[in-house]
Amino acid sequence: MADMLRMADIPLGYEHAMRDVIERHQVWAYLIAVVFGLSVDWTSSLGDSVPDYLIWGLLGVLLYATFTQTPLTHLSDMFRDRRFMGALLTGNFLVMPAITALLILALPDNDALKLGVLLVLLMPCTDWFVTFTHLGKGDSTRAIAATPVLLIAQLGLLPLYLWLFMGNQFDVNLELGRHLLPAFGGLIIVPLILAFLTEKWAENSRKATGFIRFMGLMPVPLLTVVLFIISMTQVSQIDSTGSLIWPLMILFPAYLLAAALVGKALRLVFRLPMETGRTVIFSLGTRNSFMVLPLALSIPEAWATAVVVIVVQSLLELFGMMLYLRWVPSRLLPDT
């Protein structure tokens with residue numbers, strides 16, 4: 001703990017350099033973690049001995065670390081840029097959910113598969129969205145300021161979306177609710193409250209500021225470990241659901257293409273600057289896969305396909321973001 005608090009004594013330039021190195025190589029770290037995890041479980045039974053509390057603990061710390069990097073105590077500041085907020089909220093919570101509803105019509109008739117797609121595509125990202133916005137020549141300042149709005153809006157709207165898209169299955173919703181609500185409270189609401197209290201503490205404490213800076217280095221390493229463990233313990237699901245997973249190889253890239261085109265259209269409709277338009281595109285394209293992962297892990301084994309869907313989506317999204325970084329600033333929304 002003392003080492004964490006001493007982060008306040010580390011020059012900001014050095015810390016930013018560390019974060020830049022970590023974030024620039026995060027895609028390869030995640031890919032290696034998933035491949036290594038799959039290979040371990042294919043060649044051994046080590047995944048069977050991983051205790052559940054280890055995964056839950058890591059996810060809880062991961063979410064807390066991520067939430068501390070979200071300016072929760074300055075939520076009202078974001079609404080000053082009404083055009084940007086209008087484009088962001090319209091795209092993430094009206095247009096893209098409508099497109100998602102159309103996309104799931106092309107999926108096989110499997111409720112767990114559809115639930116996984118809905119969970120991950122209806123939740124806009126609040127972490128590496130900022131990183132990719134910065135690398136893709138967007139407005140990272142606005143991206144950072146938008147994260148608490150996106151976070152709170154998606155937490156409030158997700159139950160409504162699930163009811164709208166799966167509302168005819170009342171028994172399914174009741175079964176999921178019994179498992180999702182405790183996970184939602186314990187792994188999302190509690191870390192969110194703790195992060196808010198930490199940020200309030202940091203307003204008057206240099207030690208708390210150092211702690212938050214230290215936690216800013218943690219999301220990528222923690223997510224790498226989580227992806228390794230999930231891959232190591234979920235390989236049997238991939239084996240048993242292989243025929244269901246293949247349609248996702250088309251669906252998720254189609255979503256990324258639609259997100260980019262919708263973002264470009266919204267930039268014109270709301271008359272946004274070029275950098276701000278790129279920020280909207282990266283927001284629509286990135287999803288909060290790591291935050292819905294604990295929700296998927298909490299549901300009964302009959303729905304375990306949803307976990308595999310979320311892992312597959314996160315990997316395809318990472319590769320899609322690599323293409324976004326080249327395509328968005330150079331071709332889709334180039335500097336005039």
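The following exercises, each with a worked solution, concern the structure shown above.

The structure is a predicted model, in which local features need pLDDT of at least 70 and side-chain atom pairs count only at pLDDT 80 or more, whereas totals for chains, interfaces and linings use all residues. Residues are numbered from 1 along each chain as its sequence is written, and side-chain values use heavy atoms, with hydrogens and water left out.

**Exercise 1. Overall description**

Task: State how many helices and strands the protein has, and what percentage of its residues is buried.

Solution. Begin with secondary structure, where helices (H or I, at least four residues) and strands (E, at least two) are DSSP runs, numbered from the N terminus. By this assignment the protein has 16 helices and zero strands. Next take burial, for which buried means under 20% relative accessible area, exposed over 50% and partly exposed in between, with a 1.4 Å probe and protein chains only. Of the 336 residues in the protein, 55% are buried. The exposed area, from the Shrake-Rupley method with a 1.4 Å probe, is about 15100 Å², and carbon and sulfur atoms supply 67% of it. Finally, consider contacts (heavy atoms within 4.5 Å): among those between residues at least 6 apart in sequence, 87% join residues at least 24 apart.

**Exercise 2. Salt bridges**

Task: Determine how many salt bridges a search of the whole structure finds, and describe where the partners Arg-142 and Asp-81 lie.

Solution. The criterion is a side-chain nitrogen of Lys or Arg within 4 Å of a carboxyl oxygen of Asp or Glu, and with it the search of the whole structure finds four salt bridges. One of them joins Arg-142 to Asp-81, with the closest N and O atoms 2.5 Å apart. Arg-142 lies in helix H8 (residues 140-166) and Asp-81 in the loop between helix H4 (52-68) and helix H5 (82-103), so this pair ties together parts that are 61 residues apart in sequence. Arg-142 itself is partly exposed, at 30% relative accessibility.

Turn then to Arg-278 and Asp-335, whose closest N and O atoms are 2.8 Å apart in a salt bridge. This pair also links distant parts of the chain, since Arg-278 belongs to helix H14 (residues 274-285) and Asp-335 to the segment after helix H16 (305-332), 57 residues apart. Arg-278 counts as buried at 1% relative accessibility, whereas Asp-335 counts as exposed at 58%. As for networks, salt bridges that share partners join Asp-81, Asp-139 and Arg-142 into one.

A further salt bridge is that of Glu-203 with Lys-200, where the closest N and O atoms are 3.7 Å apart. Glu-203 is partly exposed at 42% relative accessibility, and Lys-200 is partly exposed at 38%.

**Exercise 3. Aromatic pairs**

Task: Classify the pair Tyr-161 and Phe-165 as stacked or edge-to-face, and do likewise for Tyr-324 and Trp-327.

Solution. Rings of Phe, Tyr and Trp (its six-membered ring) pair if their centres lie within 6.5 Å, and planes under 30 degrees apart count as stacked, over 60 as edge-to-face and the rest as tilted. The count by this rule is five aromatic pairs. For Tyr-161 and Phe-165 the ring centres are 6.3 Å apart and the planes are at 10 degrees, so the pair is stacked. The two residues, four apart in helix H8, are separated by about one helical turn. Tyr-161 is buried at 7% relative accessible area, while Phe-165 is partly exposed at 25% relative accessibility.

For Tyr-324 and Trp-327, a distance of 6.5 Å centre to centre and an angle of 65 degrees between the planes give an edge-to-face pair. These residues are three apart in helix H16, again about one helical turn. Tyr-324 is buried, with a relative accessible area of 3%, and Trp-327 is partly exposed, with 30%. Ring pairs also link Phe-282, Tyr-324 and Trp-327 into a cluster.

**Exercise 4. Burial and sequence separation**

Task: Establish which residues Pro-219 is in contact with, leaving aside its neighbours within four places in sequence, and how many residues of helix H15 are buried.

Solution. Pro-219 is found in helix H11 (residues 219-240) and counts as buried at 16% relative accessibility. Once its neighbours within four places are left aside, Pro-219 is in contact with Leu-62, Ala-65 and Thr-66. Between Pro-219 and Ala-65 the C-alpha to C-alpha distance is 6.2 Å, although they are 154 residues apart in sequence. In helix H15 (residues 289-298), 10 of its 10 residues are buried, including Phe-290, Met-291 and Pro-294.
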